[in-house]
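User: Could you take a close look at the ligand site for me? I'd like one connected walk-through rather than a list.

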Amino acid sequence: MSEHRSTLDVIHGHISVRKFTDEPIADDLLQTLIEAGTRASTSSNMQAYTVISITEPDHKTHLAKLCADQQQIHQSAAFLACCADMHKLKLCNDMHDTESDFGITEAAVVAIVDTALVMQTIAIAAESVGLGICMIGAMRNHPHDVRDALQLPDHVFPLSGLCLGWPAEKREPKLRLPLDAIWHRERYRSDDELRELIQAYDGLMSAYFEEHGMHPTEPRWSAIMAQRTGGFPKRRNVGKLMREQGLNTQSD
Ligand SMILES: Cc1cc2nc3c(=O)[nH]c(=O)nc-3n(C[C@H](O)[C@H](O)[C@H](O)COP(=O)(O)O)c2cc1C
């Protein structure tokens, strides 16, 4: 456990940690963190999420391989599969002899937002006690295999992984976009303003890499994103699995 830090200090100190020591996380601490996650706001108290902790070594290795074999998953003390989950709500329908349409987009949005909030809340709780975290969107690289490995029932979708562990690396927090690019007042900013802010960020990132002796072939955020966003179609199975699980099945 680390010294006491304010919530704002914890938030501003965030980095994604990709190297962990081999020290385990005590089960009661893991319970405390997941319980803290459940304190996040949740749409109409639906709690449309499930968190599956994976600590058993062979199981974790199997999941890591499904998530691009990332070293931080292998090294993590606990790997959490954060799942968007309407299954428990479907059980409520069955218990009370009602029917709901879980296939409409709104149901999927509710579950995805709820799950993201619980995951981020667990992350902040973990960082507040000195743990490091790394979220793993690569959990959606082979979503069908992840579903099978975790035996997910209908209406449950593996949204993102979350690595937890004791950090074996320290870094300066990554620079973010200038706040004006995020915080608009009263109405959305013009593209001219946004382009200027993005270019300013490109300059800051280039200076940041230079200052830290890092020389990526492309330091400009806009250029990296211009490439990166072209990769969305690689995860076509995301929509396919969601529909197979009974979520987002309609074109409403
Ligand atoms: C939903 C989500 C999925 C992510 N997936 C991965 C991942 O698969 N592998 C990885 O190394 N980092 C992953 N990240 C971490 C981001 O790359 C990281 O948050 C971003 O580059 C900003 O860096 P920072 O967290 O150190 O500030 C993910 C982050 C989020 C929010």
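To start with, which atom of the ligand does a polar side-chain atom of His14 lie 2.6 Å from?

Analyst: An oxygen atom: that is what sits 2.6 Å from a polar side-chain atom of His14. Keep in mind as we go that this is a predicted model. Two backbone contacts join that one. At Gly137, a backbone N or O atom is 2.7 Å from a nitrogen atom of the ligand. At Ala138, a backbone N or O atom lies 3.4 Å from a ligand oxygen atom. As for cover, the ligand on its own has 620 Å² of accessible area, and the protein covers 67% of that.

Now for the shell as a whole. It takes in 13 residues, and the closest are His14, Ser16, Arg18, Gly137 and Lys174. So His14 and Gly137, with the contacts at 2.6 Å and 2.7 Å, both belong to that closest group. By character, the shell splits into five nonpolar, five polar and three charged residues. Strand S3, which runs over residues 132-136, gives the largest share of the shell, with three residues.

Zooming out a little, the place where the ligand sits is the largest pocket. The chain itself is assigned two stretches of domain 1, 7-172 and 232-244, plus domain 2 at 179-225. Taken over C-alpha atoms, the centres of domain 1 and domain 2 are 29 Å apart.

Key
Residues are numbered from 1 along each chain as its sequence is written. This is a predicted model: local features need pLDDT of at least 70, side-chain atom pairs count only at pLDDT 80 or more; totals for chains, interfaces and linings use all residues. Side-chain values use heavy atoms; hydrogens and water are left out. A residue is near a molecule or strand if one of its heavy atoms lies within 4 Å of it. A polar contact is a pair of N or O atoms within 3.5 Å; within protein, one must be able to donate a hydrogen and the other to accept it, and residues adjacent in sequence count only if both atoms are side-chain atoms. Accessible areas come from the Shrake-Rupley method with a 1.4 Å probe; for residues, only the protein chains shown count as cover. On a 1 Å grid over the protein atoms alone, a cavity is a set of points where a 1.4 Å probe fits but cannot get out, and a pocket is an open set with protein on both sides within 12 Å along at least five of seven lines; lining residues have an atom within 4 Å of a point. A molecule sits in a cavity or pocket if more than half of its atoms lie within 2 Å of its grid points. Helices (H or I, at least four residues) and strands (E, at least two) are DSSP runs, numbered from the N terminus. Ala, Val, Leu, Ile, Met, Phe, Trp, Tyr, Cys and Pro count as nonpolar, Asp, Glu, Lys and Arg as charged, and the others, Gly among them, as polar. Domain bounds come from an automatic or database domain assignment.
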